[in-house]
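Please work through the exercises below with the sequence and the coordinates open, and attempt each task before reading its solution.

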Amino acid sequence: MDFERVYDRRKDGSIKWNRYEEGVIPLWVADMDFEVAGPIREAFRQYMDTAIYGYAMPPAALAHTVTAWIREHYQWEIQKEWIVWLPSVLSGLGTAARYISATPYAVMTSIPVYRPFLDIGEAEGRTLQAIPLKPGSWTMDFEAMEAAVTPDTRMYILCNPHNPTGRMYSREELEELAAFCRKHNILICSDEIHADLVLDPEKRHIPIASLSPEVAAHTISLFSAAKAFNIPALGSAFAIIPDAGHRKGFEKIRLHTVPHMTLLAGSVCNAAYGESGPWLEAALAYLRANHDFLWEEINKIPGLKMSRQEATYLAWIDYSGLGITDFAAHLEKYGVGVMEASIFMGEGYIRLNFATQRHVLEEAVRRIRKAVEDL
Ligand SMILES: Cc1ncc(COP(=O)(O)O)c(C=O)c1O
């Protein structure tokens, strides 16, 4: 577990490292510059030794591994039958949206938010209802949601923990959201891909569907080993759909639109949740230290503000004090590649991925300081 080890990810076709000119430190898309856990590499090796790559089921142990992880980490007891294996979280989100779009309808979400939510909300004739979170606290604005909801509003896409703000919604907020959705008969599609990246050691992730069986029956929850175990290329995601009717409807669409989870994906997913817990603990310790370093340094730069974040390795940095627009474009000229808030329907912020080697982050901070000084 050497998180300091540097790889030349450019030669590996990394999207993160090939987006910018050489010399720009890429701190944008959400993957980590860390080598994966040993058990995951071992699962991969074993897969390579398989001589015939036919249609395959996920490993028999996987459902048990996943239900045990969910019980231990989120105190949620699920049935194996509720799980639908997926190659990615976004394919699950797209499937959920198609499943309930028999009639024209609207999709609500709170912004700023992970960009594809907005695209999926608008695709295939759907209407997007993008309700701003309360700036700064990034809590949900239930009054605005009540004002915007219509009989066409059929799905709410939740992002918890939240990308890009790094917040974990409180139990009270989740309860209020669940009550709102039940009142208006809105299905919740909850993207919990960042569930295992909790930075605040005092906090525990709460899946919205774990609130009660009634909420679970109204929810499609999406999880994945991709973010926490740094294997987004390997396709190890799953939906948890307790309601048999919703599950059947979802499966019917998934069958002809989304490929099966491969044996490779199932094997690495099993190795991740089943054997890579110690690696994740070590990665979280490294990420927490990076977070604290970044938080201290960013808040020393006049015009920039960063709140302590509860989850994810994506820092949400307020640059509204600088009096400029498109800070990301300015930073790129100084050799730092980050994402501008407008991508998430926000403004005055950048999102910075700090899941990289400390010395790389230190250099990025030096460049950010210089970029601000030169304004
Ligand atoms: C909130 C959120 N959902 C989904 C994804 C993408 O997941 P997948 O590659 O499994 O579709 C990301 C990736 O950054 C994300 O941040």
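**Exercise 1.** Determine how α2 passes α10, and in which relative direction the two helices run.

*Solution.* In this predicted model, α2 passes α10 in a right-handed crossing. As a next step, take the axes of helix α2 (residues 38-48) and helix α10 (residues 263-275), which come within 8 Å and cross at roughly 155 degrees. Angles over 145 degrees count as roughly antiparallel, and α2 and α10 are therefore roughly antiparallel to each other.

**Exercise 2.** List the residues through which α2 and α10 meet, and sort them by class.

*Solution.* On the side of α2, the contact is made by Pro 39, Ile 40, Glu 42, Ala 43, Phe 44, Gln 46 and Tyr 47, while α10 contributes Leu 263, Leu 264, Ser 267, Val 268, Asn 270, Ala 271, Ala 272 and Glu 275. Sorted by class, this contact of α2 with α10 comprises ten nonpolar, three polar and two charged residues.

**Exercise 3.** Describe the surroundings of the ligand.

*Solution.* The ligand has 13 residues around it, of which Ala 30, Ser 88, Val 89, Leu 90 and Asn 163 come nearest. Divided by class, the shell around the ligand holds nine nonpolar residues, three polar ones and one charged residue.

**Exercise 4.** Locate Arg 288 and decide whether Arg 288 counts as buried, partly exposed or exposed.

*Solution.* Arg 288 lies in helix α11 (residues 277-300). Because Arg 288 has 15 C-beta neighbours inside 10 Å, this residue counts as partly exposed. As a final step, compare Arg 288 with Asp 243: the two are 45 residues apart in sequence, and their C-alpha atoms are 37 Å apart in space.

Methods: Residues are numbered from 1 along each chain as its sequence is written. This is a predicted model: local features need pLDDT of at least 70, side-chain atom pairs count only at pLDDT 80 or more; totals for chains, interfaces and linings use all residues. A residue is near a molecule or strand if its C-beta atom, placed from the backbone, lies within 6 Å of it. Ala, Val, Leu, Ile, Met, Phe, Trp, Tyr, Cys and Pro count as nonpolar, Asp, Glu, Lys and Arg as charged, and the others, Gly among them, as polar. Axes are lines fitted to C-alpha atoms, for helices over the stretch in contact, and angles run from 0 to 180 degrees between N-to-C directions. Helices (H or I, at least four residues) and strands (E, at least two) are DSSP runs, numbered from the N terminus. Angles under 35 degrees count as roughly parallel, over 145 as roughly antiparallel, 65 to 115 as roughly perpendicular and the rest as oblique. A crossing is left-handed if the near helix is turned anticlockwise from the far one by less than a right angle, and right-handed if clockwise. Two residues are in contact if their C-beta atoms, placed from the backbone, lie within 7 Å. A residue is buried if 20 or more other C-beta atoms lie within 10 Å of its own, exposed if 12 or fewer, and partly exposed in between; C-beta atoms are placed from the backbone.
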